[in-house]
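Me: I'd like to learn how to read a model like this one, feature by feature. Can you walk me through it?

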Amino acid sequence: MGVRSAFLLVIVLFIAALAALNWGTLSAPTNVWLGFMTVSAPLGLIMLGLTVVLAAFFLVYVLYLHSSVLIETKRHTKEMQVQRDLADKAEASRFTELRNFLETQENKHMAQNADRQAAMLARLEQLETAIRLRSDQTDNTVAAHIGQLEDRIERRPLPVDINPQA
């Protein structure tokens, strides 16, 4: 129980105790002027009745406010849940978008790597062919030089020994 509720309960108990202790005075008939006529009635009971009516009115008003606040809170809670669901869906779609983007980038890089690898293999094959051709040319050149040297050696006359030792 809050401080305000306790305070209101104390006031109601004080009014009830005051009415019970002074019941004789409250129920004594007097002349009451209503604004347009005079009536003989117990003024204390009229005032006590008006206080009870006012308290009942305030109680109904408080219950109405409380129920309207509860209904409004429930509506806000539903709206917040809808907004949370929308935010979750948006976040999920962003993750899906990000995953698709990353997959696209990965596929693009893999295609580029495959192209580079194919180009490198083609270049290596060209270099290998060029090295083989160059090696064959070098072999042929060396063979031709050796052949020329052999021809020169064969065409040369044998040296004659001037001083034979016999």
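**Reading the model**

Reply: Sure, let's begin with overall dimensions. The protein chain has a radius of gyration of 59 Å, whereas a compact globule of 166 residues would come in near 15 Å. Keep in mind that this is a predicted model.

Me: What box do the C-alpha atoms of the protein chain fill along the principal axes?

Reply: Roughly 185 × 35 × 20 Å. You can get a feel for that with a pair of residues: Ala20 and Arg155 sit 135 residues apart in sequence, and their C-alpha atoms are 159 Å apart in space. Another pair is Glu72 and Met37, 35 residues apart along the chain, with 47 Å between their C-alpha atoms.

Me: How many helices and strands are there in the protein chain?

Reply: There are 3 helices and 2 strands. Going along the sequence, you meet them in the pattern α-α-β-β-α.

Me: Before I trust the details, where is confidence lowest in the protein chain, and where is it highest?

Reply: The general idea first: where pLDDT is low, the predicted coordinates should not be read in detail. Here the chain has a mean pLDDT of 90, with 94% of its residues at 70 or more. Helix α2 (residues 23-26) has the lowest confidence, a mean of 84, and α3 the highest, at 93.

Me: What share of the 166 residues is buried?

Reply: Just the figure: 3% of them. For individual cases, take Glu72 in helix α3 and Ala20 in helix α1.

Me: Why is Ala20 called exposed, and why is Glu72 called partly exposed?

Reply: Ala20 counts as exposed because its relative accessible area is 58%, and the cut-off for exposed is over 50%. Glu72 is partly exposed because its value is 33%, which falls between the 20% and 50% limits.

Me: What about contacts: how much comes from residues 24 or more positions apart?

Reply: Take the contacts in the protein chain with a separation of 6 or more; residues 24 or more positions apart account for 12% of them.

Me: Now pockets. How much space lies in the largest pocket, and which residues lie nearest its centre?

Reply: In general, rolling a probe the size of a water molecule over the atoms shows where empty space is left. In this model the largest pocket holds about 500 Å³. Its lining has 15 residues, with Leu8, Val12, Ala55, Ala56 and Phe58 nearest the centre. Two or more lining residues come from each of α1 (3-21) and α3 (43-155), and α3 supplies the largest share, 9 residues.

Me: And what is the make-up of that lining by class?

Reply: The lining of the largest pocket counts 14 nonpolar residues, 1 polar and no charged ones.

Methods. Residues are numbered from 1 along each chain as its sequence is written. This is a predicted model: local features need pLDDT of at least 70, side-chain atom pairs count only at pLDDT 80 or more; totals for chains, interfaces and linings use all residues. Side-chain values use heavy atoms; hydrogens and water are left out. On a 1 Å grid over the protein atoms alone, a cavity is a set of points where a 1.4 Å probe fits but cannot get out, and a pocket is an open set with protein on both sides within 12 Å along at least five of seven lines; lining residues have an atom within 4 Å of a point. Grid points are joined across faces, edges and corners, and a volume is the space filled by probe spheres set on the points. Helices (H or I, at least four residues) and strands (E, at least two) are DSSP runs, numbered from the N terminus. Ala, Val, Leu, Ile, Met, Phe, Trp, Tyr, Cys and Pro count as nonpolar, Asp, Glu, Lys and Arg as charged, and the others, Gly among them, as polar. pLDDT is the predictor's confidence in each residue, from 0 to 100. The radius of gyration is taken over C-alpha atoms; the globule rule is 2.2 Å times the number of residues to the power 0.38. Buried means under 20% relative accessible area, exposed over 50%, partly exposed in between (1.4 Å probe, protein chains only). Contact means heavy atoms within 4.5 Å.
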